[in-house]
Amino acid sequence: MPSINVSLKDGASAEQLDAYVKYLPGRTHGLTNSYSAKKQVTEQGGKIINEFKLIKGFTAEFPEDKVHTLQSNEHLNVENDGQVKTQ
């Protein structure tokens, strides 16, 4: 499984990392449910491998075919984890 970094976008509160609104499939009238991004990772077969407090985020091993479920959240940045180099 690839590793991904999940962090909050500018202007998002810390609560939005742990609980965000997810649209419930098959429901009408836009019913929603509060759902944790961290919980979603583990429920969909992933594993949180590191948590960051300063930037309010985490790194997780997450199935590649499920990444779009996190990317659909307007408050989260989702990117592949990798080595950062400076010149």
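**Glu 43 and Lys 39**

I looked up Glu 43 and found it partly exposed, at a relative accessible area of 46%. This is a predicted model, and I read every entry here with that in mind. Glu 43 forms a salt bridge with Lys 39, and the closest N and O atoms are 3.8 Å apart. I checked the partner too: Lys 39 counts as partly exposed, at 43% relative accessibility. How far apart are Glu 43 and Lys 39 in helix α2? They are 4 residues apart, so about one helical turn separates them.

**The other salt bridges**

I searched the whole structure and got 3 salt bridges. In one of them Glu 51 pairs with Lys 38, with 2.9 Å between the closest N and O atoms. I noted that this pair links distant parts of the chain: Glu 51 sits in strand β4 (residues 47-52) and Lys 38 in helix α2, 13 residues apart.

I then asked whether Lys 38 is buried or exposed. Lys 38 counts as buried because its relative accessibility is 18%, and the cut-off for buried is under 20%. Glu 51 is partly exposed, with a relative accessible area of 41%.

Glu 51 also takes part in a salt bridge with Lys 53, where the closest N and O atoms are 3.9 Å apart. I have Lys 53 down as exposed, since its relative accessible area is 65% and the exposed class begins over 50%. Which residues do salt bridges with shared partners join into one network? I wrote down Lys 38, Glu 51 and Lys 53.

**After Glu 51: the nonpolar patch and Lys 56**

I moved on to Phe 52, which is placed in strand β4. Phe 52 is partly exposed, at a relative accessible area of 31%. Together with Leu 54 and Ile 55, Phe 52 forms a nonpolar patch on the surface, and the accessible area of the three comes to about 340 Å².

Next I checked the backbone at Lys 56. This residue lies in the loop between β4 and β5, and I found it partly exposed, at 38% relative accessibility. The phi of Lys 56 is near 55°, a positive value in a residue other than glycine. I made a note of the angle because most residues other than glycine have a negative phi.

**Ser 7**

I looked for Ser 7 and found it in strand β1 (residues 3-8). Ser 7 is buried: its relative accessible area is 17%, and the class ends at 20%. What does Ser 7 contact, leaving aside neighbours within four places in sequence? I listed Ile 55, Lys 56, Gly 57, His 75, Leu 76 and Asn 77. For Gly 57 I also took the C-alpha separation from Ser 7, which is 4.1 Å, although the two are 50 residues apart along the chain.

**Nonpolar core**

I counted 13 residues in the largest nonpolar core. The residues with the most contacts inside it are Ile 4, Val 6, Leu 70, Leu 76 and Val 78. I then went through the elements that give two or more residues to this core, which are β1, α2 (37-43), β5 (57-61), α3 (67-71) and β6 (76-80). Which element supplies the largest share of the core? That is β1, with 3 residues.

**Whole chain**

I recorded 3 helices and 6 strands. Along the sequence they follow the pattern β-α-β-β-α-β-β-α-β. The chain has 87 residues, of which 32% are buried. Of the contacts with a separation of 6 or more, 50% are between residues 24 or more positions apart. I noted an exposed area of about 6100 Å², with carbon and sulfur atoms supplying 47% of it.

**Confidence**

I left the confidence check to the end. The chain averages a pLDDT of 79, and 77% of the residues score at least 70. Where is confidence lowest, and where is it highest? Strand β3 (residues 32-35) is lowest, at a mean of 50, and β5 is highest, at 93. Over residues 27-34 the pLDDT stays under 50, and there the model has 13 contacts beyond four places in sequence. I did not go through those contacts one by one, because predicted coordinates should not be read in detail where pLDDT is low.

Note on methods: Residues numbered from 1 in each chain as written. Predicted model: local features only at pLDDT ≥ 70, side-chain atom pairs only at ≥ 80, totals over all residues. Heavy atoms only, no water. Buried < 20%, exposed > 50% of the residue type's maximum accessible area, 1.4 Å probe, protein only. Contact = heavy atoms within 4.5 Å. Core = buried A, V, L, I, M, F, W, Y, C linked by side-chain atoms within 4.5 Å. Salt bridge = Lys/Arg side-chain N within 4 Å of Asp/Glu carboxyl O. Patch = residues over 30% accessible without salt bridge, like charges linked within 9 Å, V, L, I, M, F, W, Y side chains within 5 Å. Areas by Shrake-Rupley, 256 points an atom, 1.4 Å probe, with all protein chains shown as cover. pLDDT = per-residue confidence, 0-100.
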